[in-house]
Amino acid sequence: MKENDVVLKTVTKIVVFILLTFGFYVFFAGHNNPGGGFIGGLIFSSAFLLMFLAFDVKQVLLSLPVDFRILMIIGSLITVATAVVPMFFGKPFLYQTDAHIDLPLLGDLHVTTVTLFESGVLLTVVGVVVTVMLSISGGRS
């Protein structure tokens, strides 16, 4: 018999939004402050795990168009590519390139390859953590 968890489901909808917003903040703040892809990935993973706890796992997996195993592979490929590609241009392993772009609405935007590397780490962490938790719980990842 399933318990009536209306409060849990209602609070989960709010908390997941807060966790995802905070995850984005920590990811982007990680360039100059503590944070980055790994911590942001753990926060994103906690949002997904909270959804799996509050709602039916199969229902959540059907509503999310994400295969977390593929997400893990894509993240790993992005991370390895940003580390290795500079070597083809005579630069050292994990070489960082940055640029300043002047956008009309946003002004001066600092763009760096570290952000791409950290996004690969984020995707890998989310994929691994959610896949492991789904495997432990007996759900399909």
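**A colleague's note on this predicted model**

1. Let's start with the record. The unreviewed UniProt entry marks residues 12-30, 36-56, 68-89 and 109-136 with the feature "transmembrane region". Please keep in mind that the structure you are looking at is a predicted model.

2. Two of those stretches are worth tracing along the chain. Residues 36-56 are 86% helix and 0% strand, and the C-alpha atoms at the two ends lie 30 Å apart. Residues 109-136 are 86% helix as well, but here 14% is strand, and the end C-alpha atoms are 42 Å apart.

3. Where does the strand part come from? Look at the pair β1 (residues 98-103) and β2 (residues 107-112), which run antiparallel and are joined by 6 bridges. The two strands make a hairpin, with 3 residues between them. To find one bridge yourself, pick Asp 102: its partner in β2 is Asp 108.

4. Now turn to the inside of the model. Its largest nonpolar core holds 16 residues, and Phe 48, Met 51, Phe 52, Leu 64, Phe 68, Val 126 and Val 130 have the most contacts within it. At least two residues of this core come from each of α1, α2 (37-54), α3 (57-63), α4 (68-84) and α5 (113-137). Which helix gives the most? That is α2, with 5 residues.

5. Phe 52 is a good residue to click on, as it is among those with the most contacts inside the core. Which residues does Phe 52 touch, if we leave aside its neighbours within four places in sequence? They are Val 57, Val 60, Leu 61, Phe 68, Val 130 and Leu 134. Two of these partners, Phe 68 and Val 130, also appear among the core residues with the most contacts.

6. Next, visit Val 7, which sits in helix α1 (residues 6-29). Is Val 7 buried or exposed? Its relative accessible area is 63%, and exposed means over 50%, so Val 7 counts as exposed. Val 7 is 47 residues away from Ala 54 in sequence, yet their C-alpha atoms are 9.7 Å apart in space.

7. Finally, have a look at Leu 94, in the loop between α4 and β1. Its phi is near 65°, a positive value in a residue other than glycine. With a relative accessible area of 46%, Leu 94 is partly exposed, because this value falls between the 20% limit for buried and the 50% limit for exposed.

Definitions and conventions. Residues numbered from 1 in each chain as written. Predicted model: local features only at pLDDT ≥ 70, side-chain atom pairs only at ≥ 80, totals over all residues. Heavy atoms only, no water. UniProt positions renumbered as here; feature names shortened; annotations may be inferred. Helix = DSSP H or I, 4+ residues; strand = E, 2+ residues; numbered from the N terminus. Buried < 20%, exposed > 50% of the residue type's maximum accessible area, 1.4 Å probe, protein only. Pairing = 2+ DSSP bridges. Core = buried A, V, L, I, M, F, W, Y, C linked by side-chain atoms within 4.5 Å. Contact = heavy atoms within 4.5 Å.
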